[in-house]
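I opened this entry to look up how the inside of the chain is put together and which residues sit in unusual backbone positions. My notes follow in the order in which I looked.

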Amino acid sequence: MKNLIRENRKKSNYTQEDLSQLLRVSRQTIISLEKNKYKPSLVLAHKLAQLFECTIEDLFIFEGDENIE
């Protein structure tokens, strides 16, 4: 699963630290999310979508065997 967190963060002029404070997670969590090394909980994905004013589907791109066929 890929995500567009970094792109949305930069478009919103947030630093990783800003985003971590807004979401009440560590900066390391933001770094891991942006590097696609961590899959967020549904709650965190929802918070990110709310913050960026988009849908979860706009932020997270499912690939290959992750999709329901």
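I began with the largest nonpolar core, which has 12 residues: Ile5, Leu19, Leu23, Ile30, Leu33, Leu44, Ala45, Leu48, Ala49, Phe52, Leu59 and Phe60. I noted that the elements giving two or more residues to this core are α2, α3 and α4, and that α4 supplies the largest share, 4 residues. I kept in mind that this is a predicted model, and that in soluble globular proteins nonpolar side chains tend to be buried together.

**Isoleucine 5.** I then listed the contacts of one core residue, leaving aside its neighbours within four places in sequence, and found that isoleucine 5 touches Leu19, Leu33, Glu34, Leu48, Phe52, Leu59 and Phe60.

**Helix α4.** I asked myself which residues of α4 are buried. They are Leu44, Ala45, Leu48 and Ala49, and because their directions, seen down the axis of α4, fall within an arc of 140°, they line one face of the helix. On the face turned away from that buried side I found the exposed residues Leu42, Val43 and Gln50. The cover over the buried residues of α4 includes α1, α2, α3, α5 (56–59) and β2 (60–61). After α4 comes glutamate 53, and I wrote down its positive phi, near 55°.

**Helix α2.** I turned next to α2, which runs over residues 16–23 and has Gln16, Leu19, Ser20 and Leu23 buried. Seen down the axis of α2, these buried residues fall within an arc of 100°, so they too line one face of their helix. What covers them includes α1 (5–11), α3 (27–34) and α4 (42–51).

**The packing of α2 on α4.** I looked up how these two helices meet, and found that they pack at an angle of about 115° with their axes 11 Å apart, in a crossing that is right-handed. On the α2 side the residues in contact are Leu19, Leu22 and Leu23, and on the α4 side they are Leu44, Lys47, Leu48 and Leu51.

**Asparagine 3.** I wanted to know what a polar side chain in strand β1 (residues 2–3) is doing, and looked at asparagine 3. Its relative accessible area is 10%, under the 20% cut-off, and therefore it counts as buried. A polar atom of its side chain lies 2.7 Å from the backbone oxygen of leucine 33, and a polar contact of 2.9 Å joins its side chain to that of asparagine 36. Not counting residues up to four places away in sequence, asparagine 3 touches Leu33, Glu34, Asn36, Leu59 and Phe60.

**Asparagine 36.** I followed that contact to its other partner, which lies in the loop between α3 and α4. Asparagine 36 is not a glycine, yet it has a positive phi of about 60°. Is asparagine 36 buried, partly exposed or exposed? With a relative accessible area of 38%, it is partly exposed.

**Arginine 24.** My last look-up was arginine 24, in the loop between α2 and α3, where phi is near 60°, again a positive value in a residue other than glycine. Arginine 24 has 78% relative accessibility, over the 50% cut-off, and so I entered it as exposed.

How values were computed:
Residues are numbered from 1 along each chain as its sequence is written. This is a predicted model: local features need pLDDT of at least 70, side-chain atom pairs count only at pLDDT 80 or more; totals for chains, interfaces and linings use all residues. Side-chain values use heavy atoms; hydrogens and water are left out. Buried means under 20% relative accessible area, exposed over 50%, partly exposed in between (1.4 Å probe, protein chains only). The arc is that of the directions from the helix axis to the C-beta atoms. Contact means heavy atoms within 4.5 Å. A polar contact is a pair of N or O atoms within 3.5 Å; within protein, one must be able to donate a hydrogen and the other to accept it, and residues adjacent in sequence count only if both atoms are side-chain atoms. A nonpolar core is a set of buried Ala, Val, Leu, Ile, Met, Phe, Trp, Tyr and Cys residues joined through side-chain atoms within 4.5 Å. Axes are lines fitted to C-alpha atoms, for helices over the stretch in contact, and angles run from 0 to 180 degrees between N-to-C directions. A crossing is left-handed if the near helix is turned anticlockwise from the far one by less than a right angle, and right-handed if clockwise.
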